[in-house]
Amino acid sequence: MIDSSNSPASPTSPRQVVAGILTRTVDGTTEILICQRRADQTFPLQWEFPGGKVEPGEQFPAALVRELDEELGIRADVGRRVAVVRHTYQTGRAVELHFFHIERFERELENRIFEQICWQPREGITQFEFLEADRGVVRQLARGELL
């Protein structure tokens, strides 16, 4: 597990969050779907991987299937967990992010909540301003270390 925090651990349990790393191959190049937060959201216009909060009693893969349906209108086949990151933001909010690989999904992608979504070559995703908690995973993905 990666601890990307610069702050001491929160006295409360971190919020459990799931994220999908959707990939496709185009002309031999691996591309990853990235999503930009809206200007009216917390951490405006920063980039992230789709996903969200795990509801009480919900299993991580089920939470990710639900979130990807809500955000992108797809029915995902959740693959293996590729990373777990604990992070405490300067606001004091602590999260534990569970990243899963998504290679297959049904239905066409539909941007339901983001400013924009786009497929980017794996090596190029470090050029985008990602949420602080995602940055270590972004660097590892760009180097080909996680997938």
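## Reading the labels on a predicted model

Reader: Why does Arg-107 count as partly exposed?

Author: Its relative accessibility is 41%. Buried means under 20%, and exposed means over 50%. Arg-107, at 41%, falls in between, so Arg-107 counts as partly exposed. Bear in mind that this is a predicted model.

Reader: Where does Arg-107 lie?

Author: Arg-107 sits in the loop between strand E7 (94–106) and strand E8 (116–121). Its phi is positive, about 80 degrees, although Arg-107 is not a glycine.

Reader: What makes Phe-43 partly exposed rather than buried?

Author: Phe-43 has 22% relative accessibility. Buried needs a value under 20%. Phe-43 does not meet that cut-off, and 22% is not over 50% either, so the label is partly exposed. Phe-43 belongs to the loop between strand E3 (29–36) and strand E4 (47–48). Its phi is positive too, about 55 degrees, and Phe-43 is not a glycine.

Reader: How do you know whether Ala-133 is buried or exposed?

Author: Look at its relative accessible area, which is 2%. That is under 20%, so Ala-133 is buried. Ala-133 is found in the loop between E8 and helix H2 (135–142). From Ala-133 to Tyr-89, the C-alpha to C-alpha distance is 8.0 Å, with their places 44 residues apart in sequence.

Reader: What makes E2 and E5 a strand pair?

Author: Strands pair if there are at least two bridges between them. E2 and strand E5 (residues 51–53) share three bridges, so they pair. Their sense is antiparallel. In E5, Ala-19 is bridged to Gly-51.

Reader: How do you know that strand E2 pairs with E7?

Author: Count the bridges again. Eight of them join strand E2 (residues 15–26) to E7. Eight meets the cut-off of at least two, so E2 and E7 pair. These strands run parallel. Ala-19 has a partner here as well: Phe-99 in E7.

Reader: What makes E2 and E3 a pair?

Author: Four bridges join E2 to E3. At least two are needed, so E2 and E3 pair. They run antiparallel. Thr-23 has Ile-32 as its bridge partner in E3. E2 and E3 form a hairpin with two residues between them. In the turn, Asp-27 has a positive phi of about 50 degrees.

Reader: How many aromatic pairs does the structure hold?

Author: Four. One of them is Trp-47 with Phe-128.

Reader: Why is the pair of Trp-47 and Phe-128 called edge-to-face?

Author: The ring centres are 5.0 Å apart, within the 6.5 Å limit, so the rings pair. The planes are 70 degrees apart. That is over 60, so the pair is edge-to-face. Trp-47 is in strand E4, and Phe-128 is in the loop between E8 and H2, 81 residues apart. Trp-47 has 6% relative accessible area, under 20%, so Trp-47 is buried. Phe-128 has 23% relative accessibility, so Phe-128 counts as partly exposed.

Reader: Why is the pair of Phe-49 and Phe-130 called tilted?

Author: The planes are 35 degrees apart. Under 30 would be stacked, and over 60 would be edge-to-face. The value of 35 fits neither, so the pair is tilted. The centres lie 5.2 Å apart. Phe-49 is in the loop between E4 and E5, while Phe-130 is in the loop between E8 and H2, so the pair ties together parts 81 residues apart in sequence. Both Phe-49 and Phe-130 are buried.

Reader: Which residues form one aromatic cluster?

Author: Phe-49, Phe-99 and Phe-130 do. Phe-99 is also the bridge partner of Ala-19 in E7.

How values were computed. Residues are numbered from 1 along each chain as its sequence is written. This is a predicted model: local features need pLDDT of at least 70, side-chain atom pairs count only at pLDDT 80 or more; totals for chains, interfaces and linings use all residues. Side-chain values use heavy atoms; hydrogens and water are left out. Buried means under 20% relative accessible area, exposed over 50%, partly exposed in between (1.4 Å probe, protein chains only). Rings of Phe, Tyr and Trp (its six-membered ring) pair if their centres lie within 6.5 Å; planes under 30 degrees apart count as stacked, over 60 as edge-to-face and the rest as tilted.
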